[in-house]
Amino acid sequence: MKKYNVAVVGATGMVGRKFLEVLSERNLPVENYYLFASAKSAGTTVDFMGKPHTIIELKEENLEGKNIDIALFSAGGDVSKEFAPIFAKHGILVIDNSSAWRRDPEVPLVVPECNADDILWHKNIIANPNCSTIQAMVALKPLHQAFKIKRVIYSTYQAVSGAGVKGFNDLKGGICGEAPQKFPYPIFGNCLPHIDVFLENGYTKEEDKMIFETKKILGDQDIKVTATCVRVPVYYGHSESINLEFEKPCTVEQVKEVLSKAEGVVLQDDGANLLYPMPLTAENKDEVFIGRIRKDDTIENGINLWCVADNIRKGAATNAVQIAQKAIEIGAIKGKIQ
């Protein structure tokens, strides 16, 4: 079996470290791993896969002689905009976790359980969707195939780890009364209806991401989508209340049947026994947990459901590693593209 050389860019960050954790758990056919980060981290060592790896400074000359096939990026949008094309030019498949390439029509936006075939048309860059979009798509794709979604209303309850180490520390420090460093207001004992920047239309950029990405991943620009995204005092795990309107009639039992067979979904829906998805029980899991499925009687063919996943694993690292695995599996590591 052919073995590949894999780079992790941003290896010392929160998602970068989770990349390494997920990679160590999965049996990818890899010959060598190369860990890249900023000049500040270069030269330090990270224990990974049973041996120390020296962090390499991220610059083009440091790609020479490594024959890298795949690069997992989680170093921020500005770094991705600068370096993803450089890696791609060298024939490396970049799987990018930032928002830099998600809206580019020439770049696939992939959740492997939903639209793995889109990997085939990449031009050496594939975008990892927004964390809150990823978990929703795992549930919505099979429902769209079965009943055709007309409208989606998202209300999200997003963990502080989605804002990186500084967001995580704002909650940790806030418990002790420390002033916030990342968020504009304290997050401990509070909810902030504000994720990313505000746009002219009153939506935040996070909400706009979910609207755009839902349509792109499902391949249907006619779906009506709206969202309200809220930061809550939870360390790990995004929760989402999702209201759906379908074109075709469906029962709660039919929705449960579809989701019980869906790849990557765990159904937890037994109110009588207080079984429903929660961030605490989804933490460090790769699956998407669905529960509280019930009819919305205010509209025809309406369904409500509750969706929870670990935003750093499935919402970032695991999804990117799954894209790499699928690209290997279907022979989509193309090298230099003319």
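Two strands are said to pair if DSSP finds at least two bridges between them. Strands (E, at least two residues) and helices (H or I, at least four) are themselves DSSP runs, numbered from the N terminus. In this predicted model, local features need pLDDT of at least 70 and side-chain atom pairs count only at pLDDT 80 or more, whereas totals for chains, interfaces and linings use all residues. Residues are numbered from 1 along each chain as its sequence is written, and side-chain values use heavy atoms, with hydrogens and water left out.

A good place to start is the pairing of strand E9 (residues 149-158) with strand E11 (residues 238-246), which is antiparallel and runs over 8 bridges. Within this pair, Thr156 has Glu240 of E11 as its bridge partner. Both strands belong to an open sheet of 6 strands with mixed pairing, in the order E10-E9-E11-E14-E13-E12. Strands E10 (224-231) and E12 (265-267) stand at the edges; each has a single partner strand, so one side of each is left without a neighbour in the sheet. From one strand to the next, the twist averages 25°.

Helix H6 (residues 205-218) lies across E9, E10 and E11, and runs at about 145° to E10; such angles lie between N-to-C directions, from 0 to 180 degrees, of axes fitted to C-alpha atoms, for helices over the stretch in contact. Contact here means heavy atoms within 4.5 Å.

Helix H6 also holds Lys216. This lysine is buried yet has no salt bridge, and Asp104, the nearest side chain of opposite charge, is 6.4 Å away. Buried stands for under 20% relative accessible area, with exposed over 50% and partly exposed in between (1.4 Å probe, protein chains only). A salt bridge requires a side-chain nitrogen of Lys or Arg within 4 Å of a carboxyl oxygen of Asp or Glu. A polar atom of the Lys216 side chain does lie 2.9 Å from the backbone oxygen of Val107. Among the residues that Lys216 touches beyond four places in sequence are Arg102, Arg103 and Leu109.

Two further residues complete the tour. Leu72, in strand E6 (residues 70-73), counts as buried at 1% relative accessibility. Its C-alpha atom is 6.1 Å from that of Val94, 22 residues apart along the chain. Beyond four places in sequence, the contacts of Leu72 include Val8, Phe19, Ile95 and Val321.

Glu113 sits in helix H3 (residues 112-115) and, at 17% relative accessibility, is likewise buried. Residues touched by Glu113, again beyond four places in sequence, include Val138, Glu263 and Lys314.

Key:
Lys, Arg positive; Asp, Glu negative; His and termini not counted. Polar contact = N/O pair within 3.5 Å; in protein donor to acceptor, adjacent residues only side chain to side chain.
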